[in-house]
Amino acid sequence: MPKPRLFSTLHLLRHENPLGLPRSGAPPSIPRMQRGLPTKRPLPSVRKTIAVSSAKGGVGKSTIAVNLALAFARLGHRTGILDTDIFGPSIPTLLSLNGQEPRLSEGNQLLPITNYGVKSMSMGYLVGEDKPVVWRGLMVMKALQQLLWEVEWGGLDVLVMDLPPGTGDTQLTITQQVVLDGAIVVSTPQDIALKDAVKGVEMMRKVNVPLLGMVQNMSVFICPNCNHSTHIFGSEGVAQACAKHDVPFLGDIPLHESICNDADKGKPTVVAEPGSGRSRAFMAIAERIAKDINL
């Protein structure tokens, strides 16, 4: 006969007791600094910082993030993008900067690499393009700390943070340590993506990060031959989730071959096709965000 479990993860979990181990009484209330938790502070020489999250991989978050950064630059703002995905950095490819290595400033700070008028920093610049990052958590967190606090941005109006998928250590570290002016959650209309996207929304609420809204990516496919519209992943899933969870709906980005091709070529849609409807969709979202954060 199996022995009964000594604890259950079905109970209400707290960061002091993540496994839900039985406790005698409530945990003591300890002031934030005594618990060793970091105090939020703004990134040096950065006026506004926004995070782009998805909680689900494969929904086009990095493509959205880099196009929004390029859109901010087109609006006349001094813009940077920080790739916080240690294991799967995408920004070097999206900005056609693979193989580039950052230099150090006189103060031994990393100097961002610029293309299309946007400054960028990524783990992808610090390791070989085909080399995996095979690290345990402590090494990952140390690398993240360096990317957060040891980059000399040189004065930015807005920094876009491209977060990795999920709601784990990286997201928690950033939201606990950095003053964020808002977060954007990206999802496709498909239910399986929306379930995780809603978790991302709830995480931002738990850590008191303002939610700027959700973006619906791959919303509709328009056949280039007959112009027939097909909602491959559903039509209004993100809009409905926004209404249900009281989150602003920022807009739709279509499923279009050129958005993928532009990204793979390292020249994202906002700069590759500035007059297209697809580019205008990114610009409209960037304009709304800029207004919301008083950029």
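This note sets out numbered points on the fold, one pocket, two helices and several individual residues of a predicted model.

1. Overall composition. The chain of this predicted model contains 9 helices and 9 strands. Of its 295 residues, 47% are buried. Among contacts with a separation of 6 or more, 74% join residues that stand 24 or more positions apart. The chain exposes about 15,300 Å², and carbon and sulfur atoms supply 53% of that area.

2. The second largest pocket: volume and lining. This pocket holds about 260 Å³ of space. Its lining consists of 15 residues, and those nearest the centre are Gly60, Thr63, Ile259, Cys260 and Ala263. Two or more lining residues come from each of α1 (61-74), α2 (91-94), β7 (211-222), β9 (249-255) and α7 (257-264). Helix α7 makes the greatest contribution, with 4 residues. As to character, the lining of the second largest pocket comprises 8 nonpolar, 6 polar and 1 charged residue.

3. Ser258, in the helix that gives most to that lining. Ser258 belongs to helix α7. The residue counts as buried because its relative accessible area is 13%, below the 20% limit. Beyond residues up to four places away in sequence, Ser258 touches Thr269, Glu273 and Arg278. For one of these partners, Glu273, a separation can be given: the residue lies 15 residues from Ser258 along the chain, and the two C-alpha atoms are separated by 9.0 Å.

4. Pro268, in the loop that follows α7. Pro268 is placed in the loop between α7 and α8 (269-272). With a relative accessibility of 2%, Pro268 is buried. Not counting residues up to four places away in sequence, its contacts are Val66, Asn67, Leu70, Leu94, Tyr116 and Asp262. The C-alpha atoms of Pro268 and Ser279 are separated by 9.2 Å, the two residues being 11 residues apart along the chain.

5. Helix α3. This helix covers residues 137-149, and its 13 residues should span 18 Å at 1.5 Å a residue. The C-alpha atoms at its ends are 18 Å apart, so the expected and modelled spans agree. Val140, Met141, Ala143, Leu144, Leu147, Leu148 and Trp149 are the buried residues of α3. These buried residues pack against strands β2 (79-83), β4 (118-122) and β5 (156-162), and against helix α4 (169-177).

6. Helix α5. The same check may be applied to α5, whose 16 residues (191-206) should span 22 Å at 1.5 Å a residue. The end C-alpha atoms of α5 are 23 Å apart, which agrees with that expectation. Its buried residues are Ala193, Leu194, Asp196, Ala197, Val198, Gly200, Val201, Met203 and Met204. Just after α5, Asn208 adopts a positive phi of about 60°.

7. Positive phi at Ser45 and Asp246. Most residues other than glycine have a negative phi. Ser45, which is not a glycine, nevertheless has a positive phi of about 60°. Ser45 is located in the segment before β1 (46-53), and its relative accessibility of 40% makes it partly exposed. Asp246 is likewise not a glycine and has a positive phi of about 55°. Asp246 occupies the loop between α6 (237-245) and β9. Its relative accessibility of 67% places Asp246 among exposed residues, the limit for that class being over 50%.

8. His77. Is His77 buried or exposed? The residue sits in the loop between α1 and β2. His77 is buried, since its relative accessible area is 18% and the class requires a value under 20%. Leaving aside neighbours within four places in sequence, His77 is in contact with Phe72, Asp157, Val158, Ala290 and Leu295.

Technical notes. Residues are numbered from 1 along each chain as its sequence is written. This is a predicted model: local features need pLDDT of at least 70, side-chain atom pairs count only at pLDDT 80 or more; totals for chains, interfaces and linings use all residues. Side-chain values use heavy atoms; hydrogens and water are left out. On a 1 Å grid over the protein atoms alone, a cavity is a set of points where a 1.4 Å probe fits but cannot get out, and a pocket is an open set with protein on both sides within 12 Å along at least five of seven lines; lining residues have an atom within 4 Å of a point. Grid points are joined across faces, edges and corners, and a volume is the space filled by probe spheres set on the points. Ala, Val, Leu, Ile, Met, Phe, Trp, Tyr, Cys and Pro count as nonpolar, Asp, Glu, Lys and Arg as charged, and the others, Gly among them, as polar. The expected span of a helix is 1.5 Å times one less than its number of residues. Buried means under 20% relative accessible area, exposed over 50%, partly exposed in between (1.4 Å probe, protein chains only). Contact means heavy atoms within 4.5 Å. Accessible areas come from the Shrake-Rupley method with a 1.4 Å probe; for residues, only the protein chains shown count as cover.
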